[in-house]
Amino acid sequence: MSQTGHSALPKDASASVVAQQAATLQALPFSDTSDFDDASRGFLGTLDHARIASAQGRVVWSLEPYGFLSDPEAPATVNPSLWRQSRLNMNHGLFEVMPGVYQIRGLDIANMTLIEGERGVIVVDTLTSIEGARAALQLYFQHRGKRPVAAVIFTHTHTDHWGGARGVLDDGMLASGLVPIIAPNLFIEHAVSENIIAGPAMLRRAQYQFGPFLARGPRGQVDCGLGKSMAAGAVALLRPTDLIMATGDRRSIDGLDFEFQMAPNSEAPAEMHFFVPRYRLLNLAENCTHNFHNLLPFRGAEVRDALAWSKYLGEALQMWGGKADAMCGQHHWPVWGRERIDTMISQQRDLYKFAHDQTIRLMNHGLTASEIAETIRLPASLEGAWHTRGYYGHIRHNVKAVYQKYLGWYDANPVNLDPLPPIEAGKKYVEYMGGAEAMLARAAQDFAKGEFRFVAQALSHLVFADPGNQSARALLADTFEQLGYGAESATWRNAYLFGAQELREGMPKVPQRPMLPRETLAALRTEQLWDVLGVRLNGPKAEGKHIVLNWSFTDTNESFILTLQNCALTHSGGRQAATADAGFTLTRGTLDEVMAKQTSFPEAVAGGSIKCSGDPDRLYELMALMDEFPRMFEIVEPKRAVVT
């Protein structure tokens with residue numbers, strides 16, 4: 001027990017949180033249970049507890065730990081609106097959307113949609129993991145009979161929609177080239193930039209967004225809003241063979257006509273919608289889900305364009321309004337009936353438009369991002385629709401994303417132009433507030449009043465000033481916990497509760513990050529591989545170094561100059577330098593093997609798969625300047641490792 005009386009164990013909900021939960025029960029239309037009917041409609045069968053394991057027996061997905069959600073009544077430690085969404089996301093298995101169209105739901109955070117053509121089945125999105133996709137396809141075959149995969153469609157660039165493609169397409173199918181992989185234009189470019197260039201930082205931040213290291217339970221992780229959590233398992237990126245370039249593009253796939261609509265810079269940088277006239281089926285990918293989506297996820301991303309998002313939904317209504325009998329997305333459950341479909345699309349359209357326009361209006365009145373978040377309220381017509389609730393995104397952080405998109409990080413107040421970093425600022429705040437004991441005493445008083453937001457702000461300064469102060473850590477953890485209990489947004493809950501856990505227990509002990517799979521590397525253009533290498537270069541270590549290397553790839557007929565100069569690694573294609581320090585002739589596949597650490601440059605040179613001219617030690621000198629990124633780094637307390 002700490003000197004403030006705060007133990008390291010999860011606590012009960014405080015009186016103020018209990019009152020907040022009761023108010024939510026009164027404010028929202030819990031008597032409307034139509035979503036529960038829709039989420040279970042068409043159920044055909046499932047796997048026991050949705051359990052999926054790898055060939056080695058490692059469980060990569062299971063809903064068994066979420067059995068506590070069978071209770072229809074929310075405990076005081078979970079916002080009742082979030083509890084409702086969490087229970088809806090427990091539906092799992094194979095579902096018939098209509099004869100000929102099926103969905104796998106609840107075996108991953110995302111859905112796999114299966115559309116039957118004349119001879120085979122078209123797979124829309126392949127889930128996160130190879131193991132999950134393989135199990136999903138087998139479940140479909142079990143109930144619908146085995147049929148060939150006629151095509152794979154990736155609706156957008158996020159990993160949970162393409163990571164499992166190798167579980168659907170085997171080596172023979174890929175080698176034949178007979179199964180098209182269809183995706184929106186610039187799919188590979190954005191899949192790389194969103195998931196690989198900044199991957200190490202994003203994956204660590206995603207632990208706070210999704211809560212994979214939190215215990216499942218009423219005082220822990222209950223959901224992610226879009227689904228339960230991110231799946232574990234093997235992931236590989238496959239390069240599309242057919243790109244959809246423009247709205248109005250059509251494809252005939254296994255005897256079915258598909259009409260496409262482009263939606264770039266909406267939920268993903270490259271995303272698309274489609275309509276299948278034969279089935280009167282509309283799929284709006286991840287742009288019209290049963291929650292308010294993120295305009296800037298906690299894991300990090302480029303800010304999404306709320307105005308464009310709204311316009312794409314409006315355009316979808318113009319193209320297909322009144323035509324669809326069913327609308328299924330790549331998360332959550334479908335909606336049936338033309339009037340219900342059009343109503344949902346129009347409400348989602350107006351949700352993003354409202355968030356955009358009202359943020360800009362208040363911004364132009366001079367309000368800052370935090371002031372806008374404190375001021376803005378959804379209109380009653382949207383506030384009362386379950387599918388507009390902020391389970392994944394939330395109006396309070398989405399408006400900050402809109403502000404950032406237009407005005408950036410700086411609010412124009414010079415005090416925020418060059419503030420002290422957290423450790424230095426923390427020490428001064430503690431000093432100004434009369435020391436740690438005085439600060440803790442005031443924080444304990446405000447905690448008792450339920451003023452958790454400011455208590456968290458104040459105590460964070462103390463933890464950064466003195467991370468060894470156990471009383472400060474304990475009280476800040478308890479404060480985060482109460483904020484998490486009250487949060488309607490699953491991502492807010494996960495972030496608060498995981499912050500509390502790390503303050504109490506430290507960071508989880510996890511193995512080192514695995515290397516990028518060779519299949520993923522092979523899907524990248526060579527220019528993209530050089531970009532991946534460039535962000536690993538340690539600038540201070542490279543001070544004063546100048547290295548020029550020629551590269552020739554015999555299988556792709558590509559040539560490059562790779563130059564280290566001014567502590568930056570640049571590349572130039574279609575050229576060779578006359579005065580290069582060294583030159584290397586090889587296949588692209590060999591470079592992929594080296595970057596996947598299946599071999600090394602010296603081993604490849606010695607084995608003859610890389611031919612070298614000049615001084616090969618210059619390459620080894622360059623590689624010695626590359627950082628290896630840690631899987632874990634501190635977030636709610638100071639960094640222990642010194643990074644330069």
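Contact here means heavy atoms within 4.5 Å. The model to which the exercises refer is predicted.

**Exercise 1. Locate Thr128, classify it as buried or exposed, and list its contacts beyond the sequence neighbourhood.**

Step 1. Thr128 is placed in the loop that joins strand S7 (121-124) to helix H4 (130-144).

Step 2. The relative accessibility of Thr128 is 4%. Buried means under 20%, so Thr128 counts as buried.

Step 3. Once neighbours within four places in sequence are set aside, Thr128 is in contact with Asp108, Ile109, Thr159, Asp160, Gly163, Gly164, Met230, Ala231, Ala234 and Val235.

**Exercise 2. Determine the sign of phi for Leu127 and for Asp254, and describe the setting of each residue.**

Step 1. Leu127 has phi near 65°, a positive value in a residue other than glycine. Leu127 belongs to the loop between S7 and H4. With a relative accessible area of 0%, Leu127 is buried.

Step 2. For Asp254, which is not a glycine either, phi is positive at about 50°. Asp254 sits in the loop between strand S11 (250-253) and strand S12 (256-262). Its relative accessibility is 9%, and Asp254 therefore counts as buried.

**Exercise 3. Characterise the packing of helix H8 (residues 306-320) against helix H9 (residues 338-364) in terms of axis geometry and contact residues.**

Step 1. The two helix axes come within 8 Å and cross at roughly 160°. Angles over 145 degrees count as roughly antiparallel, and H8 is therefore roughly antiparallel to H9.

Step 2. The crossing of H8 past H9 is left-handed.

Step 3. On the H8 side, the contact involves Ala306, Leu307, Trp309, Ser310, Leu313, Gly314 and Leu317. On the H9 side, these residues meet Asp342, Ile345, Ser346, Gln348, Arg349, Tyr352, Lys353 and His356.

Step 4. By class, the residues of the contact of H8 with H9 comprise seven nonpolar, five polar and three charged.

**Exercise 4. Establish how many disulfides the structure holds, and examine Cys288 and Cys567.**

Step 1. The number of disulfides in the structure is zero.

Step 2. For Cys288, the nearest cysteine sulfur is that of Cys328, 12 Å away. A disulfide requires a pair of cysteine sulfur atoms within 2.5 Å, and Cys288 is in no disulfide.

Step 3. The relative accessible area of Cys288 is 8%, so Cys288 is buried. For Cys567 the relative accessible area is 24%, and Cys567 is therefore partly exposed.

Methods
Residues numbered from 1 in each chain as written. Predicted model: local features only at pLDDT ≥ 70, side-chain atom pairs only at ≥ 80, totals over all residues. Heavy atoms only, no water. Helix = DSSP H or I, 4+ residues; strand = E, 2+ residues; numbered from the N terminus. Buried < 20%, exposed > 50% of the residue type's maximum accessible area, 1.4 Å probe, protein only. Axes fitted to C-alpha atoms, helices over the stretch in contact; angles between N-to-C directions. Parallel < 35°, antiparallel > 145°, perpendicular 65-115°, else oblique. Left-handed = near helix turned anticlockwise from the far one by under 90°. Nonpolar A, V, L, I, M, F, W, Y, C, P; charged D, E, K, R; others polar.
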